[in-house]
Structures are given as structure tokens and as C-alpha cells.
Amino acid sequence: MVEAELTGLRFAGRTSSGIHYADAAGTPRLRVGEAVAVDAAGRSATLAAAVDQGRLEFLVPAAFLAGAQYPVAIDPVISPEFGMDTPVRLATYEGQDSPSVAWDGTCWLVAWRDFRMEDPPFVFGARVGANGVILDPGGLQISPVGDFLERPSVAGRAGEFLVTWVDSRGGAANVVAARVGDDGTLPDGAGIPLSPQPQAQVHPSAAGFAGGFLVVWADSRNDLGDGNTDVYGIVVRSDGVPSGDEFPVSLAPGAQSGPSVAAVGGTALVVWSDLRSGSSPGQQDIYGARVVDSSGGVGLPDSAGILLSRSSADPKAGGAPGLQLNPSVAASSDRFLVAWEDRGKDAEGDISATLVSLEGVVLQPGGIPVCALPALQSGPAVGSDGARFFVVWEDRRGGGQDLYGARIDASGGVLDPGGIPVSLAQINQSRPSVAYGGGSYLVAWDDNRSGLFTDIYAARVTPEGGLLDAAGLLVSSAENQQQLPMLGWNGSVYLAAWRDFRREGGFDIQATRLTTAGSVIDPWGIHVSTRGSFNSYPAIGASGDDFLLAWEYQAPGDDHNVWGRRVSGAGRVLDADDLPIAVTDGEQFRTAVQGGGETGWLVAWGDDRADEDFDLYAAVVDRAGRIVTPQNGFVLSGNPELQFSVRLAWNGSNYLAVWRDSRNNPSDSYDYANRICDIYGRLISPAGELLGTEDIPICILPGVTKRYPTVATDGTDFLVAWEDNRGSDYNIYGTLVRSDGAVVRPAGMVLCEAGGRQLAPTASFDGTNYRVVWQDARSGATQIYGREISTAGVPLDPADGFLIDGEARNPLLPWVASSGAGRSLLLFQSPSSPSHVGRVFGRTIASDSHLPPLFDSQPSLVAKVGDVYSYAAHASDPESIPLAVSALQLPGWLALTSGSGGTAVLSGRPRPEDLGVNRVVLLAGDAYWTTAQAFEVVVTGDAPPVFTSIDPAGTGIRVCWAASAGRSYRLEASEALGGAPWVEVATVVADGASACHLDSAPAGAARFYRVIQVP
């Protein structure tokens, strides 16, 4: 038995995936899966795990121990998952549209259609406080699955919301609902089916009604082939259970569509567009009917419907031919207001309305002209503060699509004849929804100001018509999207890079350094790419202490090219401009980079400049960042058909390039991913010379698709691995390739042929064995598995590999690199929680169970010009292994004096030119792991600035601090202490003993400030 005492987390249960531990709040933090014992001869045994009075136990079979050659290790050990950088909140990549908003007495809930998980869309939502603070900045996933058609509808009542949407997973479109608590809880995980009819139900609308909710929709169950729909409804109790059966609200001839509902107490008014008056869309009117609560269920006093609009059907009321459509209704304490898009007199469309009493009397039969200005007004939404109403609509008077609103009093008087501008942001704002609560209206809408995708924005408007949030509140925010992780090792630190969406209009390449133990050295990342638009598919190689990153760049409408940039081991971007590695005709993309010791780097890529199929080109970049081979590269492999998906390794003498190659399987298909390909390779000298007379056939099998080759080296020979579909599905195969190019097993050897698909392998050498890692679908959900292979090319047990990441949340595209000594770092992308936005995560993998050291001292973060700064650093090792503290990154005025026993003293005297933020990175390392302590020392001059007041003022926050006259100060703000970057607000020159600045921060936003004196 192997036994371990665990502290810091508590046992939280056991499942088929392992033993789970949680923190004091109950949040799951660690899962311990199955372990494997390996002896010195490579024999292994799977170990059963158990928990006994807080101790974790692994039971080692007696038969294994009896024949074991010592030492015996439980191999490998895998760390908990960790993220690459601190998330930045911004507009969610992919589209969000069609919002609906309601108030429940405590907060608003905005729900919308969301494509962040790509097609099909899901229903997401976010609560918004009365002060305008977004309470769920990552969003709430409300629908359990995707695939729905239209905008959701939200209704609110005391302490809870009901969200309804259309779900078409079963083939027909049906109405589904789910409750959301005002604390963000989601009690109806699978949703509540409201109308499981075989015919379609669309366009649901919901309102609080008689202690529960009333939901209505357009229903095609009575469609006789003429496309007609009726209006049906159902009452849902506050516990989420439908009360009684669904019932018809309108069965009139022709189509009734687009219903909207509002209620006051036990009386509701349902309104819709109606075609009963004519056979063409030009005769569409607005009708309504009341639904009342009664002891027997519901009453329907207006079975024939109530004509509401000024239409050709009622010429005495002053109607005119044309469309009246898209109605919206709201309830005050004693009446309803119905607004609609009116094209009776103006083909472009105006906004009209009418008041309706609780008894169903139309109080303005001729209608209320809310807005009849030139240009299109459309898509109205209505809310009420209990006495008056607020109508919001889309308006094209300015050329673009903006939002305007107007208040209407209880007698039908329009208080804002010209309209109140709600949002005049650039490009288009559309599909508004509005609800009143907490002293103001909240208007939510689709917003395309980014020019890339629509997002959900909102703004509060007071009952007096004052706009509280002139810039709008971004509701559908999420963590910055991260994809396509890549990793390199320079002998001291790892550099991780990925495609990052943290600005409007495109992707950048972002990076961070990490220690062997997974300490994130640059929590705000290193911004690598400087070109606009789209930067993707980064690749990394190390030469000496420096890294070279290369990636694809594409300007809108242009081809892809290859650009690069160097980053030092100290985290400094070394090139003032991006390096044009391959900028020529055709497409250049899917890059690979490999460092060649101290000589520089080899960069390779797919290129169609001479062939509509791709050839391979390459370039050599020296340590100074100069491209020393011909401009735009030399031909690495230009055979007929497809050469693609290249990877590189360096064994200390030469490079080996490996790739997919379809020369033996000619095809005109542009489905490159599924072309039948073989694996070829080529040895290349450090200077870029092709060695040998022809490409090396690494694995050729007729009719078998081989994809995603990967290569690693032990310093002499190479291991090549790939996906292979020679069986019933894709599995992982591989072979050794000698340093002279000889292929040891031309047919390949099985590395994993478990059930399901094994895809996207990546390989490294950890100083003892090769380690191949891949994404694996053997359990149905995607997981990450790995297997070790000896330098002799023998796959080690277990035969189907070991589980690395088994959480059922779709980890994808693993990439592994090794620092030696049996240690590797794994990166992968996976949806984050709760945003469901792709983020890059990591795990460390070790061939032993040694634990990393920890810093147990905290530095001072402020220094004064001319005064001595000193920090006594101390680190400890959980196993009392000797360790040392060193400096990875220091400003020039600081020096580190290392001591014994994990101690060191950091000291120095800052100068006036050192004013501002100074970055420090210390390392604590034992014989196995390295851990970082990264922090910033702010150097101040004179007396340190001290805040004297931070107060709301008008549309912003007025910040004042004690200062020295004539000195310059930089005011910075952050969304969270320790959880968001510091962003410069302003630089202020003090004209006396104090300085002030008015920060136009979003009203109600969380905001922290710091002041730094600058030279």
C-alpha cells in the first residue's frame, strides 16, 4: 500500500473518473484518477485508489511487487489544471442577438440567442443590477443544449424569471421554458417542455400572471397547407409545472403570428399580427385578446379578437391599407399600451400605438402616432413604470440603424415627439427589448459596433427620459477567447502562445512564460503580434535563450502570409516590427518552427504559390532575426499533389521535417483534412540544405488516411507519430527514424488503438522516454491520453495509454513540450466555466511524485526614489530538498544576493528615471521543479500620492489625491484587485498640493484606482 496524507482540500466523493477533492466552499479543485506503478524494467500495474480517514491510498498488487525490479515508481504524476493568463472581459467572440429583458423585483434578466459555441445557438443570459452592474459577466447558459430558432422571451415575477424559447432538436419546433432565480440559479436543467406537438410552435412570449407565468406562441397544428398559424397559450406555475392544458387564444381565419403578452394581476392582453382581413400580406392588422385568471383555470372573454390597429379593415377608424406588424404590449397598473410597426401610410414604416383598458376597450381607435418621421422606424418594444409607458424602436433617420424611444402618458400623450436617442453607436443597433425596475427602464438590443459580430448591449433610461448609460453596457461579455495553443522550451522557461481575441476586429498572438512547475510568469500575457486583422496558428521554437514565434496573418480579403517575431527568455519582444518570413503570392500557412541550438531557427509552412495543392517551403532565421535563406523561402518538398501539415525536430546536428503527403493518392478534392495521405520526411542541415537526394517515405500504406504527424528527438534519433485510420476508426501510430533517415518500422507501430477516435497527437522527449499525447474519444466525451515510448522504440504500459485530462468538457488540440528530468508541460484548449468560451489550460506531467517548492514570503510593492528597497525572499520545499532562489527578470537598480536554504535578498536604491512600475520575477528551484514569484515594484518620488476622495460625479467618478506641485502622475484603473490589468486613465500634472481627474467610467462599474508618480 502507498499512502499519502492530504491537507488543504477535503474529500468530496468518488465517481468513475476518480476521487474528488473540494475547497472549504465546496468548489471542486482536484481529481485523482487511476495510477500506474512502473518498475525499473518497465513492467507496470494499475493501482486501485481508496480514501481512509483523510488519507489517500493506492493498493499495489502483491504479485507485481514480488517480481518487481526496484526502484518502483507510480508513473506518471499529473498536476491540477491551470490557466495561462488572467482573463480579460470583453465582447464575446461569435454572435449574440435577439435579447429579451424582464425585472423580478430585485434585478433584470437579459436573455439572448448565443453562438459562442458555434452552431447551433444556445440561450444565454445575464442579470443586471439596478445600478447597471452586470452580475453575470460570463453569462448564464440557460438552454441545456443548442438548436433553437428565434429570440427567447423573459418574464419576471417576485424573485424569479421564466425564459422561453423554441427548441427543434426533436425535428419539430416546440416551446420550452426554464426558470432562473434572482441569484442566478437554474433549477430546470433540462428545460420544461410546454407544447410537445408534432407541428411547429414559434415566437413564444411570456409574462408574469396570477402567481405564475402565462406563455403564448404561434402554433401551426391547425395548418391545412396554407401556412396559417394560430395563437395558443399555457399557464406555468411558479414551481415550473404547467397548470392545466394548453389552450387556443385565437383560431381566426388566416395567419396569426408574432404574439406578445403583458399582464397586470390576473388579467393579460395577448396581441399579434393578423391576416384575417385579406389574402395578401398587405392586409395585415394588429389584433388582441384578453386572458383572465378564473377559478376553473383561465377565461377567454375575447374569443373573436379585438381589432387594435388603424387598418383597411376598419376605414371608419381612419385606417389605411398596408402592413401593421411586430406588435409589443406592456401593462401599467390599470391599462395596456400596444405598439406596432405601421406601414399603412408610409411604406418605410412608422411607429403607432393604442391604449387598451383592462376591460378590453380600445381607448384610441384611430391609434397614437408615436413616431412618423421620414426613414424607417420599426421593431418597437414597450415597457411601463406602472403609470406611464416607454416605447423603443429601430430608427434609420441618421442613415444607420439606431435606437430611439418615446414616453407615453396614461392618456396616450406622446411626451417625446422627436424621440429620445437611446443608442447612436456606430454601425447598427436593432431588436430592442425594454423592462422597468429599480427606478429606471433597461433597454437591451443587438449591437454591431465592433463590425465583426453582434453583441448584446443595454442602457438605463429614467422615467423622466434621462439616459444613464450613454455608451451602453456590454451585457454579453465573456473571457477573451483563446485557441490553438503552442509551447516551446528554452532550457530555463517555457513559452506558451495562442490565438487570442481580446480586441475588436480580429485575433492576435498572445504568449506567457511558465516555469517547469506551471507558474504563470506573465499573468497579463506578452502581446506578440502587432499587425491588425487576423493572426492565427502560432508556432514556437527556441534557439539559445530566445524564442521565435511564427504565425499566419490574413488581412480581410487577402491571402494568408507568414510573419514572425522573437521573444527573449526574459519576456521581452526583441523585434520592433514583425518579420516578413513569407509574404508573396498565394497562400502561406500552417507554420512550424524549430530552434537549431545556437544557430537560429528553421521555419516551414504549406504554400500554394506554384501549385493549387500545397507544397512545402522553409526559411532559416538567424539569432539576430535575419532571414538568411532566399526571400520568401526555399522549396522543402515540391512534389505533385499535396504536401501539408509539417512538423520539425532538431537532434543537435540536423532538422527532421515530417508532413502529410498525397503523391501516391492523386485527388482533386479540396477536403484536405480527409485526403488519403502518407507520411514523408526530409533531413535538413542548420544552413537550410536538403540532405539526401529525395524525400523519406516514413509510412506508406495504400488507401489509409494518415494525418497530423508529430516528431520529437532524444538528441540522436527521432520518434514520428500520427493519426491513422487503417482500423475501424482513427488510432495513433508511430515509428522511430534514425539520425541518417532510416525508418525503423515503415508500416508503423500501434501506440493506441482504443475504442473511439484518437486524434491530434503531439510528441516530446522528457530526458528518459518519448511521451506522445492525443485527444481521445473512447469514453464518448473528448479526453486527453498519453503514452510513453522508450528510446529503443518500445511502447510502455499501459497499452492504451494513461489518462491525463478526463473532465467531460471537450479538451482539444493538446500540445506537449518537455524540460527534461522526466517533466513535461501539456497545453490544450477547452471551454471555460461559466462562459463556455475557449481558453487555454495546462497541466504538468512528471515521472515521479516530487512536489514543487513554494515562496512563503511576500515583497513590498512600493519603493521611493533615493531610499533603499529591500526584500528578504524565502522559499521552502515540501520534501526538504535543497533549493536556490534566483532572478529571472530584474530592473537595473535591483540586485539579488542568493543565500542558503532557499533564501535571497533583493535590494537596491531607485533613481528618478526608475519612477513607475518595475517588473520583478524570482525563481525558486530544487533538483526537480522551478516555481516563480512575479510582482511589480512601483517607484514613487517625493511623498507617495495618497487618495483624498473618490466620489461619483455626473457621468463619471472624480478621483483626487495629495500631490506635489508640478509633478506628473499617472492614474490607473482596474476592474478587480489582483484579477484584472491596470489600465491608464490619464496623466495629470499637479498644480498645487492636490490633483484631481474625472474618470468617465461606466455608471455602477466596479473600479479600483492607483496613482503613480512619473518622471
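These legends go with several close-up views of a predicted model.

**View 1. Three salt bridges, each with its own surroundings.**
Let's start with charged side chains. Side chains of opposite charge can pair when their charged atoms come close. A search of the whole structure finds 51 salt bridges, and this view picks out a few. Glu160 pairs with Arg157, with 3.1 Å between the closest N and O atoms. Glu160 counts as buried because its relative accessible area, 13%, is under 20%. Its partner Arg157 has a relative accessible area of 24% and is partly exposed. Further along, Arg407 forms a salt bridge with Asp416, and here the closest N and O atoms are 2.9 Å apart. Arg407 is buried at 12% relative accessibility, and Asp416 is buried at 11%. Asp447 and Arg449 also meet through their side chains, at 2.9 Å from N to O. Both of these residues are buried.

**View 2. A network of shared salt bridges.**
Which residues are joined into one network by salt bridges that share partners? Look for Asp85, Glu479, Asp500, Arg502 and Arg839.

**View 3. The largest nonpolar core.**
Now we turn to nonpolar side chains. The largest nonpolar core has 33 residues. Met84, Leu487, Val528 and Leu549 are the ones with the most contacts inside this core. Which strand gives the most to the core? It is strand β43, residues 494–503, which contributes five residues. Take Leu549 as your guide: leaving aside neighbours within four places in sequence, Leu549 is in contact with residues including Leu495, Ala497, Ile509 and Val528. Trp563 and Val567 are also among the contacts of Leu549.

**View 4. A separate core.**
Another core, of 19 residues, lies apart from the largest one. Among its residues are Ala875, Leu906, Val920 and Leu922.

**View 5. Pro248 and its surroundings.**
Find Pro248 in strand β23, which covers residues 242–250. Is Pro248 buried or partly exposed? At 33% relative accessibility, Pro248 counts as partly exposed. Not counting residues up to four places away in sequence, Pro248 touches Val231, Tyr232 and Leu300. For a sense of scale, try Ser857: Pro248 and Ser857 are 609 residues apart in sequence, and their C-alpha atoms are 71 Å apart in space.

**View 6. Aromatic rings in pairs and in a cluster.**
The whole structure holds 18 aromatic pairs. One of them is formed by Phe828 and Phe841, a tilted pair with 6.4 Å from centre to centre and 35° between the planes. Phe828 sits in strand β67 (residues 823–831) and Phe841 in strand β68 (residues 838–846), with the two residues 13 apart along the chain. Both Phe828 and Phe841 are buried. Why is the pair of Trp961 and Tyr969 edge-to-face? Their ring planes stand at 70°, and planes over 60 degrees apart count as edge-to-face. The centres of these two rings are 6.3 Å apart, and both Trp961 and Tyr969 are buried. Elsewhere, Phe589, Phe614, Phe644, Tyr670 and Tyr672 form one aromatic cluster.

**View 7. Charges sitting over rings.**
Our last stop brings charged and aromatic side chains together. The charged end of Arg221 sits over the ring of Tyr232, 3.9 Å from the ring centre. You have already met Tyr232 as one of the residues touched by Pro248. In another example, the charged end of Arg707 sits over the ring of Tyr730, at 4.1 Å from its centre.

Notes
Residues are numbered from 1 along each chain as its sequence is written. This is a predicted model: local features need pLDDT of at least 70, side-chain atom pairs count only at pLDDT 80 or more; totals for chains, interfaces and linings use all residues. Side-chain values use heavy atoms; hydrogens and water are left out. A salt bridge is a side-chain nitrogen of Lys or Arg within 4 Å of a carboxyl oxygen of Asp or Glu. Buried means under 20% relative accessible area, exposed over 50%, partly exposed in between (1.4 Å probe, protein chains only). A nonpolar core is a set of buried Ala, Val, Leu, Ile, Met, Phe, Trp, Tyr and Cys residues joined through side-chain atoms within 4.5 Å. Helices (H or I, at least four residues) and strands (E, at least two) are DSSP runs, numbered from the N terminus. Contact means heavy atoms within 4.5 Å. Rings of Phe, Tyr and Trp (its six-membered ring) pair if their centres lie within 6.5 Å; planes under 30 degrees apart count as stacked, over 60 as edge-to-face and the rest as tilted. A charge sits over a ring if NZ of Lys or CZ of Arg is within 6 Å of the ring centre and within 35 degrees of the ring normal.
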